[in-house]
Amino acid sequence: MVSLDIALQSKFYANSPDKVLGPLSFRVSPGEFVALVGPSGTGKTTLLNMIAALETSAPGEIKFNGAPLTDKPDCKIGYIFQQPRLMPWLTVAENLRLVKPVANESEIEAILIKVGLGGKSALYPKHLSGGMQRRVSIARAFLTEPDLLLLDEPFVSLDAPNADNLRSLLSELWVEQKSTVIFVTHDLNEAIQLADRILFLSAAPGTVILDTPVDIARPRLPDDNRLQRWKSDLLSDYAGLLEGVLSAPVLKSVSRR
Ligand SMILES: Nc1ncnc2c1ncn2[C@@H]1O[C@H](COP(=O)(O)OP(=O)(O)OP(=O)(O)O)[C@@H](O)[C@H]1O
């Protein structure tokens, strides 16, 4: 588990004059599950990439346990992308070993059993359904027991039962491993179900316009009335503030649910 401190004035890409992010300042405590919700193009993926050192940041803008991020962060980071990104020419076990070459067969099988894929280690991605491939990507992230887990809309475009199953699986693994989590989503219901705290980002350039704890005791099931009540209260308390965020095209369907 790590704490994460973000303090950045601005983020630009070299090939564009437009500011993507900033100013942005927040802290994530060890073991905390934070959801980032915001309109499309507000820099959420950019921020995750900066935290994972896949994108440049200035010295001191990102700190793990109070220490500035370096090219090789000295904490284990798991990253689950929108698409599973499995190597099609490698088996399930070989895909998992990409992140942990020393993992032995029983370790691989143990994590596959946890994600409901026991006995599937020798299969190739093309033999798996879309939902199963996402399970492999979750197994790959948790195999390293990450201190910090970054998730970028991992359940988008899945059918509702599959997405529900994978959210439960994510919650179980998080409770077990207690990684610090940053979860990007467009789905407010999903954020409320999973997160300890939600940060709402403005339209680009992304800044935090609302930082709210989700004070609902766990476990939280998707059809739990407390989630809907909490959402209604949030939307009535902060209607004006969140209007821009929740009326963005990609979020419209969510706020109607
Ligand atoms: N490598 C890059 N070079 C230049 N501009 C980029 C690059 N990557 C992203 N951008 C731009 O930065 C802005 C933020 O993109 P980003 O993908 O971080 O937003 P996002 O909030 O994750 O969007 P979405 O919710 O649609 O996934 C966009 O305008 C995008 O076009």
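Which residues of the largest nonpolar core touch the most other members? In this predicted model, where local features need pLDDT of at least 70 and side-chain atom pairs count only at pLDDT 80 or more, totals for chains, interfaces and linings use all residues. Residues are numbered from 1 along each chain as its sequence is written. The answer is Val34, Ala35, Ala139, Leu150, Ile182, Phe183 and Ala195, out of the 59 residues in that core. A nonpolar core here is a set of buried Ala, Val, Leu, Ile, Met, Phe, Trp, Tyr and Cys residues joined through C-beta atoms within 7 Å. "Buried" has its own cut-off: 20 or more other C-beta atoms lie within 10 Å of the residue's own, while 12 or fewer makes a residue exposed, anything in between is partly exposed, and the C-beta atoms are placed from the backbone.

Helix H4 (residues 130-143) gives the most to this core, with six residues. Helices (H or I, at least four residues) and strands (E, at least two) are DSSP runs, numbered from the N terminus. The core also draws at least three residues from each of domain 1 (1-76 + 147-225) and domain 2 (77-144). As for Ala139, its contacts are Leu96, Ile111, Leu112, Val115 and Leu117, leaving aside residues up to four places away in sequence. Two residues are in contact if their C-beta atoms, placed from the backbone, lie within 7 Å.

Now for the domains themselves. The chain is divided into domain 1 (1-76 + 147-225) and domain 2 (77-144), with bounds that come from an automatic or database domain assignment. Taken over C-alpha atoms, their centres are 23 Å apart. The contact between them takes 19 residues from domain 1 and 14 residues from domain 2. On the side of domain 1 that touches domain 2, strand S9 (148-152) and helix H5 (160-177) each supply at least two residues, and H5 gives the most, with six. By class, that side of domain 1 has 14 nonpolar, two polar and three charged residues. In this count Ala, Val, Leu, Ile, Met, Phe, Trp, Tyr, Cys and Pro are nonpolar, Asp, Glu, Lys and Arg are charged, and the others, Gly among them, are polar.

Strands come next. Strands of a sheet pair through backbone hydrogen bonds, either parallel or antiparallel. Here, two strands pair if DSSP finds at least two bridges between them. Four strands make an open sheet in the order S4-S1-S6-S7, with antiparallel pairing. Strand S4 (24-28) and strand S7 (67-68) are the edges, each pairing on one side only. Strand S6 (residues 62-64) is joined to S7 by two bridges, and Phe64 stands opposite Ala67 in S7. S8 and S9, in contrast to that antiparallel pair, run in the parallel sense over four bridges, with Tyr79 opposite Leu150 in S9. From strand S8 (residues 77-80), Ile77 and Tyr79 point one way and Gly78 and Ile80 the other, and all are buried. That fits a simple rule: in a regular strand the side chains alternate between the two faces of the sheet.

What sits around the ligand? The residues there are Tyr13, Asn15, Ser16, Val20, Ser40, Gly41, Thr42, Gly43, Lys44, Thr45 and Thr46, where "near" asks for a C-beta atom, placed from the backbone, within 6 Å. This shell divides into two nonpolar, eight polar and one charged residue, and helix H1 (residues 44-51) gives the most to it, with three residues. Thr42 is found in the loop between strand S5 (33-37) and H1. Thr42 counts as buried because it has 23 C-beta neighbours inside 10 Å. Far along the sequence, Leu201 is 159 residues from Thr42, yet the two are 7.2 Å apart in space, C-alpha to C-alpha. Thr42 touches Leu201, Ser202, Ala203, Ala204 and Gly206, not counting residues up to four places away in sequence.Some backbone details round off the picture. The peptide bond from Ala204 to Pro205 is cis, with omega near -5 degrees, and Pro205 is found in the loop between strand S11 (197-201) and strand S12 (208-213). Another cis bond runs from Arg218 to Pro219, with omega near 0 degrees. Arg85 has a phi near 55 degrees, a positive value in a residue other than glycine, and lies in the loop between S8 and helix H2 (92-97). Arg85 counts as partly exposed because it has 13 C-beta neighbours inside 10 Å.
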